[in-house]
Amino acid sequence: MMGMSVLKQEVALEATVLNHSMSLVQRMETLLALGNSSDVTLRVQTINTDEVKVIQAHGLVLTLQSDVFEDLLLNRNNSAVVLRETPDCAAVFDKFVRYLYCGDISVRLDQAISLHKLASKYHVWGLQQGLTQYMTQHLSSDSPTGHVIGWYNYALHIGDVVLRDSCLQYLSWNLSSVLQSGEWGSISEDLLLSLLQRSDLILQSELELYEALEAWISQNQPVSSTVESALRAVRYGMIPPQHLFRLQKQSPLLQKHYESIRDLLYLAFQFHSASPIQLAKYFDVNCSIFTPRNYLSTSWGSPWVINNPTRDDRSFSFQTQLGPSGHDSIKRVTWNALFSPRWLPLNARSTYTELGAMQPTRTDGGRPRIIVTPATSSPDFAGVSFQKTVIVMARQQGKLVVRHVYNFHQSTEEAGDFLVDADLQRRASEYLIDSSLYLHIVIKPLYHTLIVARK
């Protein structure tokens, strides 16, 4: 009985939380707005101008939030603290101070860097981390002049590797939309040249990249050596001969710099005219000109929209050209893709039925899998290996963007980590668009006999 009464007592003493923190925040905001009991005057001077913004503040609040303010207040001679800020930081300084009082802030795309600078300068680490996260999550937002390249340059300048890499990945994965935006012209030479080296760029075709490069060069008028480095990074072997002929005759840029890239064009035409195996016998070639990027045009793969992906297994067939060489472009490979929402590992399922169709074993414990295999084999496959890339699209800030990219090679049928973090059961899953999975499968034929190991 004694035990029961103690238990009752414990139940009776259960605590209830009364949360009035919102009204506290409102009082703090009023305190700042009215300047009541203010013991510090912040004089925010805009560098190289006569502009001064005066803010009545409270030493206790400032020092609680920032050790930099603590030092400034300890070392002041009178009640005013003079702060010198760049025009962009001065413009958002009152917003920044309000955050110190209220713990929340509304951010616009064009204010993110200025606020990040202030948070870093005054050691307000929670705000700094929040802004880095905001930028990472808002790369796809629409802005009049674009913002990703500006954020990339800022991240590079301050050494924020996570933000820099997020920007670089966004630019690489969504290059077609970046090329068509007003932002493309503002890209720096270094960033342009580093993007041109990448094989993971996602875009319609190499020709689209050449035309965008032409536009960038005419807008920025860089020095000759930069133009030549950029032109030499174009993968001419990936451009069909009829387009190469047209560029030779109609592109003023190509005509002007023809001598500096003539060897690459000559190699591309040879590549298109002979079988790759023949070419490999005679030429020690640098492989990048023969390495496809992730091209979305129909020769290289196909989109695949899977409605209600958790419902059941799906299969799909599509064709690609055997290889980028003109010699192989008319040869077609048929591919079978199989998607299963719940799927056991290869060693735990029966692979074939009497009909010869691949039958995955359905199981609640399995997870999403995709398998991409050629429908037939052919002697033409000799000397060609296929890298398979599955691109998953998502809608962010109302725009279709690449959410994830999975690569797997010919020797493996499937990508081991495919959609490993995706909760496809959840209607609002960031991997789904209107309850559907939007995929694009790209097949990248690599002439492995041509790829020379470079020391």
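Select Lys388 and then Ile443, and you will find Lys388 standing opposite Ile443 in strand 12, where helices (H or I, at least four residues) and strands (E, at least two) are DSSP runs numbered from the N terminus. The model you are looking at is predicted, so that local features need pLDDT of at least 70 and side-chain atom pairs count only at pLDDT 80 or more, while totals for chains, interfaces and linings use all residues. Residues are numbered from 1 along each chain as its sequence is written, and side-chain values use heavy atoms, with hydrogens and water left out.

**The sheet around strand 10**

Widen the selection to residues 384-396, which make up strand 10. Of its 13 residues, 11 are buried, so strand 10 is largely enclosed by the rest of the structure; here buried means under 20% relative accessible area, exposed means over 50%, and partly exposed lies in between, with a 1.4 Å probe and protein chains only. Strand 10 and strand 12 pair in the antiparallel sense over 9 bridges, and two strands are said to pair if DSSP finds at least two bridges between them.

Now add strand 11, which pairs with strand 10 in the antiparallel sense over 10 bridges; one place to look is Val390, whose bridge partner in strand 11 is Tyr406. Strand 10 and strand 11 form a hairpin with 2 residues between them, and Gln397 in that turn has a positive phi of about 50°.

With strand 6 shown as well, you have an open sheet of 4 strands in the order 6-12-10-11, with antiparallel pairing. Its edge strands are strand 6 (301-307) and strand 11 (399-409), each of which pairs on one side only. From one strand to the next the twist averages 25°, with angles running from 0 to 180 degrees between N-to-C directions and axes being lines fitted to C-alpha atoms, for helices over the stretch in contact. To follow strand 6 to its neighbour, select residues 436-447, because strand 6 and strand 12 pair in the antiparallel sense over 7 bridges. In this pairing, Ser436 of strand 12 is the bridge partner of Asn307.

**The sheet of strands 1, 2 and 3**

Which strand order should you look for in the next sheet? It is an open sheet of 3 strands in the order 2-1-3, and the pairing is mixed. Strand 2 (52-57) and strand 3 (80-85) stand at the edges, each with a single partner strand, so one side of each is left without a neighbour in the sheet. Neighbouring strands of this sheet are turned by 20° against each other on average, direction ignored.

Strand 1 and strand 3 pair in the parallel sense over 6 bridges, and selecting Val44 shows it opposite Leu83 in strand 3. Helix 6 packs on the sheet, touching strand 1, strand 2 and strand 3, and its direction makes about 10° with that of strand 2; contact means heavy atoms within 4.5 Å.

**Helix 6 and its helix neighbours**

Keep helix 6 (residues 93-102) on screen and add helix 2 (residues 21-34), whose axis comes within 9 Å of that of helix 6 and crosses it at roughly 140°. That makes helix 2 oblique to helix 6, since angles under 35 degrees count as roughly parallel, over 145 as roughly antiparallel, 65 to 115 as roughly perpendicular and the rest as oblique. For the contact itself, select Val25, Met28, Glu29, Leu31 and Leu32 in helix 2, which meet Val97, Arg98, Tyr101 and Cys102 in helix 6. These residues divide into 7 nonpolar, no polar and 2 charged, where Ala, Val, Leu, Ile, Met, Phe, Trp, Tyr, Cys and Pro count as nonpolar, Asp, Glu, Lys and Arg as charged, and the others, Gly among them, as polar.

Next, bring in helix 7 (residues 112-121), where the axes of helix 6 and helix 7 come within 10 Å and cross at roughly 55°. Helix 6 and helix 7 are therefore oblique to each other. Their contact is made by Phe93, Lys95 and Phe96 of helix 6 and Leu115, Leu118 and Ala119 of helix 7, and it divides into 5 nonpolar, no polar and 1 charged.

**Two loop residues**

Finish with Ser37, in the loop between helix 2 and strand 1 (40-46), where phi is near 60°, a positive value in a residue other than glycine. Is Ser37 buried or exposed? Ser37 is exposed, with a relative accessible area of 67%.

The last selection is Gln221, placed in the loop between helix 13 (206-220) and helix 14 (224-232). Gln221 has a positive phi of about 45° although it is not a glycine, and at 61% relative accessibility Gln221 counts as exposed.
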